[in-house]
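Thanks for making time for this one; I would like to walk through a single model with you, going from individual residues out to the sheet and the cores. Please have a look at the structure while I talk.

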Amino acid sequence: GEAALGATLQVVLTPMTGGYQWQVYSLADGESATAEWTLHVTGSLLKPSRALESVQFEHVDRHSLLARCSTTIDMARFEQSVQAQGIIYGPQFQAVRAIYLGEDEALGELVLPQSLQADAGRYSLHPVLLDAALRISSSLLPSTVRDPYLPFSLERLELSLLGNQTRLWSYVQRRFGDSRPDSHQVDLTLFNEVGEVVARLTNF
């Protein structure tokens, strides 16, 4: 088959009133450095208008969730469906151990690959575990959906200060009543083995 084409990525951060504007560009391998870069996404980072609030999370009863999410998903078939959408995960992104499905809710067991566990203490939430947590939400998509599920917006992100987590659970609930019929929006809670909440993502 044809060799995969690489690209150089560039993130541009520009100061603006109240924060920064950012853009992500790419330049395909083999193109001249003077060629026009392709703009993929833009966004803004805004400084908080007031002091950050301390969030008190409640504990999560994993056994209660498992009782409701009683259908075990075949992980081999799940991975095959993801690959059929053109998304290929390398060995260091194989963090989803199991997915349990309920009625408009799902629970996923996540374990950081052994090769990455030594670095877990550097993060409030390791990026690989966050990526794996987001993948659980795709298990709630209708079986007729063939396009990749790529979240593109987020209403609210709350993080605890627990850090150094290598094993987490991702609980996903489908949202209703505030989105287009063809959209897929969920709330997600990440918690550890003893039910302590590590992060919560609202409306993405």
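Leaving out residues up to four places away in sequence, Thr 189 touches Val 60, Trp 169, Ser 170, Tyr 171, Val 197, Ala 199 and Arg 200. I should say at once that what you see is a predicted model, and I will keep to what can be computed from it. Thr 189 is found in strand β9, and because its relative accessible area is 13%, under the 20% cut-off, Thr 189 is buried.

Now, how are the strands ordered in the sheet? The sheet is open and has 7 strands, in the order β4-β5-β6-β8-β9-β10-β7, with antiparallel pairing. Its edge strands are β4, at 71-72, and β7, each of which pairs on one side only. For β4 the partner is β5, and that antiparallel pairing runs over 2 bridges; Thr 72, for instance, has Tyr 100 in β5 as its bridge partner.

Across this sheet we find α3, which lies over β5, β6, β8, β9 and β10 and runs at about 155° to β6.

That brings me to the nonpolar cores. The largest one has 30 residues, and within it Leu 110 and Leu 190 have the most contacts. Several elements supply at least two residues each to this core, among them α2 (75-84), β6 (105-111) and β10 (197-202), while α3 gives the most, with 5 residues. If we follow Leu 110 and again set aside residues up to four places away in sequence, the residues it touches include Leu 129, Ala 132, Ala 133 and Ile 136, as well as Leu 168 and Leu 190. There is also a second, separate core of 11 residues, which includes Tyr 100, Trp 169, Tyr 171 and Phe 191.

Let me finish with a loop residue, Gln 165, which is placed between β7 (156-159) and β8 (167-174). Is Gln 165 buried or exposed? At 15% relative accessibility, Gln 165 counts as buried. A polar atom of the Gln 165 side chain lies 2.9 Å from the backbone oxygen of Gly 163, and, apart from neighbours within four places in sequence, Gln 165 is in contact with Leu 112, Ala 120, Leu 129, Asn 192 and Val 198. Leu 129 thus appears twice in this talk, since it is touched by Leu 110 and is also in contact with Gln 165.

Notes
Residues are numbered from 1 along each chain as its sequence is written. This is a predicted model: local features need pLDDT of at least 70, side-chain atom pairs count only at pLDDT 80 or more; totals for chains, interfaces and linings use all residues. Side-chain values use heavy atoms; hydrogens and water are left out. Helices (H or I, at least four residues) and strands (E, at least two) are DSSP runs, numbered from the N terminus. Buried means under 20% relative accessible area, exposed over 50%, partly exposed in between (1.4 Å probe, protein chains only). A polar contact is a pair of N or O atoms within 3.5 Å; within protein, one must be able to donate a hydrogen and the other to accept it, and residues adjacent in sequence count only if both atoms are side-chain atoms. Contact means heavy atoms within 4.5 Å. A nonpolar core is a set of buried Ala, Val, Leu, Ile, Met, Phe, Trp, Tyr and Cys residues joined through side-chain atoms within 4.5 Å. Two strands pair if DSSP finds at least two bridges between them. Axes are lines fitted to C-alpha atoms, for helices over the stretch in contact, and angles run from 0 to 180 degrees between N-to-C directions.
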